[in-house]
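Biologist: Thanks for sitting down with me. Could you put the model on the screen so we can go through it together?

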Amino acid sequence: MQIYSSSYSSSSTKLTNLHMIRSSSNHNQERHNYNLKQIFVPSSCPNLSVSNTQQVPLNQSVAAIVFGGGPDSELYPLTRTRSKGAIPIAANYRLIDAVISNCINSDITKIYAITQFNSTSLNSHLTKAYSGFGLGKDRFVEVIAAYQSLEDQGWFQGSADAIRRCLWVFEEFPVTEFLVLPGHHLYRMDYNTLIEDHRRSRADITIVGLSSVTDHDSGFGLMEVDSSNLVTKFTINPEKGQQDSISVESRTRSDGTSSCYVPSTGIYVIGREQMVKLLRECLVKAKDMASEIIPGAISQGMKVKAHMFDGYWEDVKSVGAYYRANMESIKSCRFYDKQCPLYTMPRCLPPSSMGEAVITDSIIGDGCILDRCVIRGSVVGMRTRIADDVLVEDSIIVGSNIYETEEDVRRKGKEKKTQIRIGIGEKSRIRRAIVDKNARIGQNVMIINRDNVEESNREAEGYVIREGIIVILRNAVIPNDSII
């Protein structure tokens with residue numbers, strides 16, 4: 001039996017809902033479907049219909065295509081050994097869990113995850129977390145790793161190229177729409193509303209745009225949208241004037257009609273037939289969805305509509321954005337909604353052990369061992385060990401993959417000439433930092449950015465500084481008495 005964990009409930013509660021589904025195996029398939037709908041879809045969700053007015057539930061008519069993320073220098077060194085979707089977030093989760101959970105909570109149960117860059121960690125997570133998701137072949141999270149074939153000797157060259165080469169897999173089920181999703185965004189969205197809007201407008205493509213923006217670099221494109229939400233122009237690298245005028249307020253164009261510029265989130269709903277036509281007939285050499293397929297669809301005369309989204313949405317595109325997203329997770333209740341839970345891999349870890357620890361305004365993951373320490377405004381990930389007299393402030397401690405015994409420390413000490421354990425040693429101070437997985441912080445270490453450096457590359461010494469934030473590399477060893 002597969003178990004999903006969510007942040008709003010205890011371990012025993014996490015088991016309950018899905019156990020009820022699994023234990024109903026003696027009932028017929030109709031009862032199975034009813035139970036799943038009750039669990040995963042709010043009762044207020046509308047019934048959706050396709051253009052022929054036939055009622056078709058989303059779990060039969062829509063397939064989600066989720067991208068694990070490619071190389072991104074702005075997130076380095078967090079992406080040194082993992083893809084963007086696999087980056088840990090909020091102590092217990094990975095970034096891609098937010099997107100997969102949105103699909104499950106919206107009753108979209110055919111989910112394909114396309115991975116290529118540094119995909120080992122992400123593939124492992126998806127396989128372990130969602131392998132027991134379905135009750136049959138119609139409910140699944142299927143990982144599609146980059147591959148070479150006799151026809152295509154190279155790897156995937158972009159999002160459009162990846163979808164084109166995987167169409168033979170996606171065509172296994174007679175879905176009517178594809179929902180294309182980046183796998184490294186943090187948000188909560190009911191895709192029922194999006195699909196309903198797409199079908200009601202009879203659009204060929206619907207793009208989710210942000211209705212309120214404060215700082216967006218239009219990495220997924222900038223849409224010019226008219227008064228009927230029709231996308232008349234799509235630009236991946238807008239001119240300076242357009243970039244400065246990103247707004248949902250209407251303005252009058254030269255032809256007398258009104259329009260506005262809206263940033264795209266990179267979330268698309270595309271009709272099955274339209275997807276096949278664009279990739280196999282019209283734009284057979286296109287490699288990227290945002291820069292080639294969307295503008296190409298507009299030039300081909302397809303109906304491209306915008307669907308406005310005004311909820312919380314974070315494109316975790318840089319170390320600074322990742323740091324802010326974690327800090328915001330402390331203050332908000334986004335991970336504590338029982339109607340829209342966040343799923344992840346079940347780990348069966350023990351409760352965190354806290355000695356005389358003083359913890360305020362923080363999130364603590366499962367299986368931590370916290371001695372006589374002080375933790376303020378921080379996110380502490382799974383299996384983290386923090387020793388006596390340690391102060392952690394405004395920081396992210398990603399955690400560890402293993403627990404080390406005293407024998408492990410002695411044996412590794414002989415091999416590597418160091419006996420620093422995984423975790424944070426006695427009397428250390430950490431402020432406004434990210435400590436990546438399995439790092440070894442010695443005793444009396446000061447990680448405080450003493451000289452207020454904004455950017456620095458000290459990988460040979462086990463750390464870098466990005467946007468004034470110290471990032472301790474994965475598996476790094478910071479010797480006793482170090483000052484950073």
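Biologist: Let's begin with the open sheet of five strands: what is the order of its strands?
Modeller: Happy to, and please keep in mind that this is a predicted model. The pairing in this open sheet is parallel. Reading across its five strands, the order is β16-β19-β22-β25-β28.

Biologist: Which strands stand at the edges of that sheet?
Modeller: An edge strand here has a single partner strand, so one side of it is left without a neighbour in the sheet. That description fits residues 358–360 and residues 446–447. The edge strands are β16 and β28.

Biologist: Which residue stands opposite Thr360 in β19?
Modeller: β16 and β19 run parallel and are joined by three bridges. Across from Thr360, the residue in β19 is Arg376.

Biologist: Is Ser378 buried or exposed?
Modeller: Ser378 sits in the loop between β19 (374–376) and β20 (379–380). Residues under 20% relative accessible area count as buried. Ser378 has a relative accessible area of 0%, so its class is buried.

Biologist: Which backbone nitrogen does the side chain of Ser378 reach?
Modeller: Beyond its neighbours within four places in sequence, Ser378 is in contact with several residues, including Ile330, Asp361, Val392 and Asp394. Ser395 is also one of those contacts. At 3.0 Å, the side chain of Ser378 reaches the backbone nitrogen of Ser395.

Biologist: On to the helices: at what angle do α4 and α5 pack?
Modeller: Helix α4 covers residues 95–105 and helix α5 covers residues 120–130, with their axes 12 Å apart. Their crossing is right-handed. The angle between them is about 35 degrees.

Biologist: How do the residues of the contact of α4 with α5 divide into nonpolar, polar and charged?
Modeller: From α4 the contact takes Ile96, Asp97, Ile100 and Ile104, and from α5 it takes Leu122, His125, Leu126 and Tyr130. Asp counts as charged, and Tyr is placed with the nonpolar residues. The division is six nonpolar, one polar and one charged.

Biologist: How many of the 10 residues of helix α7 are buried?
Modeller: Helix α7 spans residues 191–200. Its buried residues are Tyr191, Asn192, Leu194, Ile195, Asp197, His198 and Arg199. The helix is largely enclosed by the rest of the structure, because its buried residues number seven.

Biologist: Which residue just after α7 takes a positive phi?
Modeller: Most residues other than glycine have a negative phi, so a positive value is a useful thing to look for. Just after α7, a phi of about 55 degrees belongs to Arg202.

Biologist: What is the relative accessible area of Asn118?
Modeller: Asn118 lies in the loop between β4 (110–115) and α5. Although not a glycine, Asn118 has a positive phi of about 45 degrees. Asn118 is classed as partly exposed because its relative accessible area is 26%.

Biologist: And what is the relative accessible area of Arg432?
Modeller: Arg432 is in the loop between β25 (429–431) and β26 (433–435). Its phi is positive, about 50 degrees, although Arg432 is not a glycine. Arg432 is partly exposed, because its relative accessible area is 37%.

Biologist: Which residues are joined by a cis peptide bond?
Modeller: Most peptide bonds are trans, so a cis bond deserves a look. Here omega is about 15 degrees. Pro77, in the loop between β1 (62–67) and β2 (88–89), is one of the partners. The bond joins Tyr76 and Pro77.

Biologist: Which residues of strand β30 are buried on each side?
Modeller: In a regular strand the side chains alternate between the two faces of the sheet. In β30 (residues 463–466), both faces are covered. One side has Tyr463 and Ile465 buried, and the other has Val464 and Arg466.

Biologist: Which residue in the turn between β30 and β31 has a positive phi?
Modeller: β30 and β31 run antiparallel, joined by four bridges, and Arg466 stands opposite Ile469. Their hairpin has two residues between the strands. In that turn, the residue with a positive phi of about 55 degrees is Glu467.

Key. Residues are numbered from 1 along each chain as its sequence is written. This is a predicted model: local features need pLDDT of at least 70, side-chain atom pairs count only at pLDDT 80 or more; totals for chains, interfaces and linings use all residues. Side-chain values use heavy atoms; hydrogens and water are left out. Axes are lines fitted to C-alpha atoms, for helices over the stretch in contact, and angles run from 0 to 180 degrees between N-to-C directions. A crossing is left-handed if the near helix is turned anticlockwise from the far one by less than a right angle, and right-handed if clockwise. Contact means heavy atoms within 4.5 Å. Buried means under 20% relative accessible area, exposed over 50%, partly exposed in between (1.4 Å probe, protein chains only). Two strands pair if DSSP finds at least two bridges between them. A polar contact is a pair of N or O atoms within 3.5 Å; within protein, one must be able to donate a hydrogen and the other to accept it, and residues adjacent in sequence count only if both atoms are side-chain atoms.
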